[in-house]
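User: Hello! I am new to this structure and would like to be walked through it with a few questions. Could you help me?

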Amino acid sequence: MKKYTNTGNKDTRSGFGAGLTELGQKNENVVALCADLIGSLKMDDFKKNHPERFFQVGIAEANMMGIAAGMTIGGKIPFTGTFANFSTGRVYDQIRQSIAYSDKNVKICASHAGLTLGEDGATHQILEDIGLMKMLPGMVVINPCDYNQTKAATIAIADHHGPVYLRFGRPSVANFTPENGEFIIGKAILLNEGTDVTIVATGHLVWEAIIAAEKLEEKGISAEVINIHTIKPLDEEAILKSVAKTGCIVTAEEHNILGGLGESVARTLVSNNPIPQEFVAVNDSFGESGTPAQLMEKYGLNAEAIISAAEKAINRKQ
């Protein structure tokens, strides 16, 4: 299989910060709003370079969404920044009514998503945000896998007219995608060709899927690996093309098993090509306090879990 090199662990939230800084330099309509988490969202450079386009809203996330929606009327492209929990659950009404229903050109940028928020615990580890956002008509949902892809996604969504939910994380993770690589909304990326099982992964689970595929190869199992960075709109063509060859699939995500990538893939399969599917996700529970590594292991969000799911899916098709 193809070999991917980790060029050095980096946090995806810093990829967002770098992309936002670059956008600020080349698009004067880009503005940034933050709910008292400038350092955590890596928005420092944007604020330093473009203070007249940066708005510190304070701990008033609902207000931030309303302000952002209003700014679009004057042609601005607002990027809001806070934790994923506060970017979605706390402000769902404002997003639904003022942004999604009104089709406002707001980019909702959400850091510290999933279990890998770590020690802050279950109250901050939102695992249902993808579901909340993908159910909103017209909302694009993006979950990039590493620093480089998060930077590219941040830049790309400025050119997309309409609401976007961009999800990224707190910890340093493998950085393996090409620097300055092309990011196309809604277009999955085939990382490795295989014949026995399809593994579609999103976010932090993409690198784990690559590791899993390497270990499966050692067992004589050929795994096709696809990076689903855009959960909505989903690249159904890429998924269906792959499973037509492999006959079974594993979905892997740092999200609740309910409402996430796995369910979107299942809907696609049941409507087109029903085949065995196994899910690697949090099994309908909240998280808890712990290091990211401890939590990913306890909740089965790692390469070993993907390997087990792949073997189970293969056995089911026989």
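Analyst: Happy to. Two strands pair if DSSP finds at least two bridges between them. Please keep in mind that this is a predicted model.

User: How many bridges join strand E10 to strand E13?

Analyst: E13 covers residues 249-256, and the two strands run parallel. Within this pairing, Thr 198 stands opposite Ile 249 of E13. The number of bridges joining E10 to E13 is four.

User: Which residue in E11 does Thr 198 stand opposite?

Analyst: E10 also pairs with E11 (residues 223-227) in the parallel sense, over five bridges. Between them the chain passes through helix H8 (residues 205-218), in a right-handed β-α-β crossover. In E11, the residue opposite Thr 198 is Glu 224.

User: Are the residues of E10 that point either way from the strand buried or exposed?

Analyst: Val 197, Ile 199 and Ala 201 point one way, while Thr 198 and Val 200 point the other way. Buried means under 20% relative accessible area. Five of the five residues of E10 meet this, and those on both sides are buried.

User: Which helix gives the most to the largest nonpolar core?

Analyst: That core has 38 residues, and Ile 95 and Met 139 have the most contacts inside it. Several elements each supply at least two residues, including strand E2 (30-34), helix H5 (92-100) and helix H3 (61-73). The one giving the most, with five residues, is H3.

User: Apart from that core, how many residues does another core have?

Analyst: This other core lies apart from the largest one. Among its residues are Val 197, Ala 252, Ile 306 and Ala 309. Its number of residues is 36.

Definitions and conventions. Residues numbered from 1 in each chain as written. Predicted model: local features only at pLDDT ≥ 70, side-chain atom pairs only at ≥ 80, totals over all residues. Heavy atoms only, no water. Core = buried A, V, L, I, M, F, W, Y, C linked by side-chain atoms within 4.5 Å. Buried < 20%, exposed > 50% of the residue type's maximum accessible area, 1.4 Å probe, protein only. Right-handed = clockwise from strand over helix to strand, strands pointing away.
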